[in-house]
Amino acid sequence: MINPQDSVDQYKNDYRTIEQTMEKLSGGTRRLAAQLTTSASFDSLWNVLTDYDRLNLYIPNLLSSKKIYQKKNNVHLKQVGAQDFLGMKFSAEVTIDLFEDKELGLLKFNLIKGDFRKFEGSWKIQNIKDTKKNSLIYDLTVQGCQWMPIGMIEKRLKKDLSENLMAVDRQAKSIIN
């Protein structure tokens with residue numbers, strides 16, 4: 001008989017492979033990157049990441065995600081995220097321009113408008129050579145508005161990046177291709 005705790009422990013072990021970096025840039029800008037090694041297939045990861053109208057169903061703190069435009073591999077999304085930060089509710093809205101390159105496993109996005117001065121980055125899926133595993137990479141450069149002290153929320157951003165990777169991975173592993 002399978003012990004449910006064993007599968008929970010195994011699942012936690014999968015995430016020892018998260019690597020994360022943060023770089024402080026000028027003007028209160030931060031560049032954060034996180035990488036996760038996963039056994040989820042390329043197609044299942046890609047399908048999760050490009051299911052734009054449902055991202056909020058499994059990505060923590062994403063209240064809504066709506067595709068508002070698509071022409072071939074160019075997509076515009078409107079997203080709203082929310083956090084509890086120091087006992088206060090904080091929400092931010094962005095409209096992003098996203099470019100899909102499935103052959104490269106790349107989703108690159110830039111801010112069109114929103115509650116940040118800068119919000120750009122990418123999701124990238126890469127096969128790990130000579131394995132059946134993939135690397136899922138989330139890269140984000142963000143600069144808050146005047147009322148949003150980025151230094152205070154950078155710890156939260158780092159936590160969110162890891163949680164986002166794990167949520168995408170969990171969803172991808174739940175899909176049967």
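Me: Which residue stands opposite Leu106 in strand 7?

Reply: Lys124 does. Helices (H or I, at least four residues) and strands (E, at least two) are DSSP runs, numbered from the N terminus. Before we go on: this is a predicted model, where local features need pLDDT of at least 70 and side-chain atom pairs count only at pLDDT 80 or more, while totals for chains, interfaces and linings use all residues. Residues are numbered from 1 along each chain as its sequence is written, and side-chain values use heavy atoms, with hydrogens and water left out.

Me: How many bridges link strand 6 and strand 7?

Reply: Two strands pair if DSSP finds at least two bridges between them. Here strand 6 and strand 7 have four, in the antiparallel sense, and one residue makes up the hairpin connection from strand 6 to strand 7.

Me: And in what sense do strand 5 and strand 6 pair?

Reply: Antiparallel again, over eight bridges. Val94, for example, has Gly114 in strand 6 as its bridge partner. Four residues lie between the two strands of this hairpin, and Gly105 in the turn has a positive phi of about 65 degrees.

Me: Now the inside. How many cavities of 30 Å³ or more does the structure hold?

Reply: On a 1 Å grid over the protein atoms alone, a cavity is a set of points where a 1.4 Å probe fits but cannot get out; lining residues have an atom within 4 Å of a point. Grid points are joined across faces, edges and corners, and a volume is the space filled by probe spheres set on the points. This structure holds one such cavity, with about 640 Å³ of space. It is lined by 34 residues, and Leu62, Gly81, Phe119, Tyr138 and Asn164 are the closest to its centre.

Me: Which strand gives the most to that lining?

Reply: Strand 4, with seven residues. By type, the lining has 26 nonpolar, six polar and two charged residues. Ala, Val, Leu, Ile, Met, Phe, Trp, Tyr, Cys and Pro count as nonpolar, Asp, Glu, Lys and Arg as charged, and the others, Gly among them, as polar.

Me: Which residues touch the most other members of the largest nonpolar core?

Reply: A nonpolar core is a set of buried (under 20% relative accessible area, 1.4 Å probe, protein chains only) Ala, Val, Leu, Ile, Met, Phe, Trp, Tyr and Cys residues joined through side-chain atoms within 4.5 Å. Among the 34 residues here, they are Leu98, Phe109, Phe119, Trp123, Leu136 and Val168. Helix 3 supplies the largest share of this core, five residues.

Conventions:
On a 1 Å grid over the protein atoms alone, a cavity is a set of points where a 1.4 Å probe fits but cannot get out, and a pocket is an open set with protein on both sides within 12 Å along at least five of seven lines; lining residues have an atom within 4 Å of a point. Buried means under 20% relative accessible area, exposed over 50%, partly exposed in between (1.4 Å probe, protein chains only).
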